[in-house]
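Let's take a friendly walk through this structure together. Have the sequence and the 3D view ready as you read.

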Amino acid sequence: MIQFKSFNGLTSLVLGGGLIATNFMSLNLLARKDSGIPDISKLSSTPYSSIQIRSETKPDGAEEWMFNSKQHDPKLVTTIVDDSKPTFNGGVKKRYTHKQDVAQFAIYPKGQDGKLSADQIACIEKMAQGRSNGQLIADSASVQVTPAIASVPVVGPVLAGIFFGQARKQIGSLASEAAGQWNDC
C-alpha cells in the first residue's frame with residue numbers, strides 16, 4: 001500500500017492523474033474518424049453565411065450525411081424604411097424606401113461606376129496602417145505585463161494568452177478608428 005507523508009502529495013497525484021486522463025480522452029476523440037470533433041475553423045464566419053447538415057438512414061442501415069455550407073447567403077440584403085415625419089405646416093411627410101444590395105461583409109460607399117475612389121482607397125489604407133501600428137503598441141505593452149500574468153499557477157499561461165490576444169485586438173481597433181477620424185475618413 002502506498003502511503004503519503006502529506007495531503008499535498010496525494011492532491012498532486014490525483015490532479016496529475018486527472019490531467020493525464022483528460023489528455024488521453026481528448027486525443028481519443030480527435031483520433032476517431034466516425035465521431036470526431038468538427039473543424040471549427042472551416043465553419044462559416046460572416047453574418048450572411050448558412051450551414052445545413054442532413055442525416056439520412058437508408059433501408060439497408062447505411063447512414064448518409066450531407067453537409068451544405070453557403071457563403072454570402074442570402075446574396076441580397078433587403079432594407080425597408082417606412083417612416084413619417086411632421087412638417088412645419090402641421091402636415092406629415094411620409095417616406096417609404098425599399099432597397100436591395102449585394103451582401104458584403106464590409107460595406108464601403110462606392111465611388112463612380114461602382115468602384116472605390118482614390119480618397120476612399122487612401123482612407124482604407126490609413127485605417128489599416130493605424131490598426132497595424134496599434135497592434136504593435138499593444139505588443140510592446142503586453143510584453144511587460146504578460147510575464148506577471150503567466151506566473152500565476154495553472155491558469156497563468158492561459159490568462160496571459162487571452163490578455164495578449166484581446167489587447168492586440170482592442171488597441172488595433174481603437175487605433176484604426178482614430179486613424180480614420182484623424183484623416184477625415
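**Following helix H2 into the next loop**

Start with helix H2, residues 118–150 (helices are DSSP runs of H or I with at least four residues, strands runs of E with at least two, both numbered from the N terminus). Its 33 residues, at 1.5 Å a residue, should span 48 Å (1.5 Å times one less than the number of residues), and the end C-alpha atoms are 46 Å apart, which agrees. This is a predicted model, where local features need pLDDT of at least 70, side-chain atom pairs count only at pLDDT 80 or more, and totals for chains, interfaces and linings use all residues. Residues are numbered from 1 along each chain as its sequence is written, and side-chain values use heavy atoms, leaving out hydrogens and water.

Now look at Val-143, where H2 has a kink of about 40° (the angle between axes fitted to the seven residues ending there and the seven starting there). The proline Pro-147 follows shortly after the kink.

Which residues of H2 are buried? Among them are Gln-120, Cys-123, Gly-130 and Gly-134 (buried means under 20% relative accessible area, exposed over 50%, partly exposed in between, with a 1.4 Å probe and protein chains only). Helix H3 (156–182) is included in what covers the buried residues of H2, by contact (heavy atoms within 4.5 Å).

Between H2 and H3 runs a loop that holds Val-154. Val-154 has a phi near 65°, a positive value in a residue other than glycine. Is Val-154 buried or exposed? Val-154 is exposed, because its relative accessible area is 79%.

Moving on into helix H3, you meet Leu-159, which counts as partly exposed because its relative accessibility is 42%.
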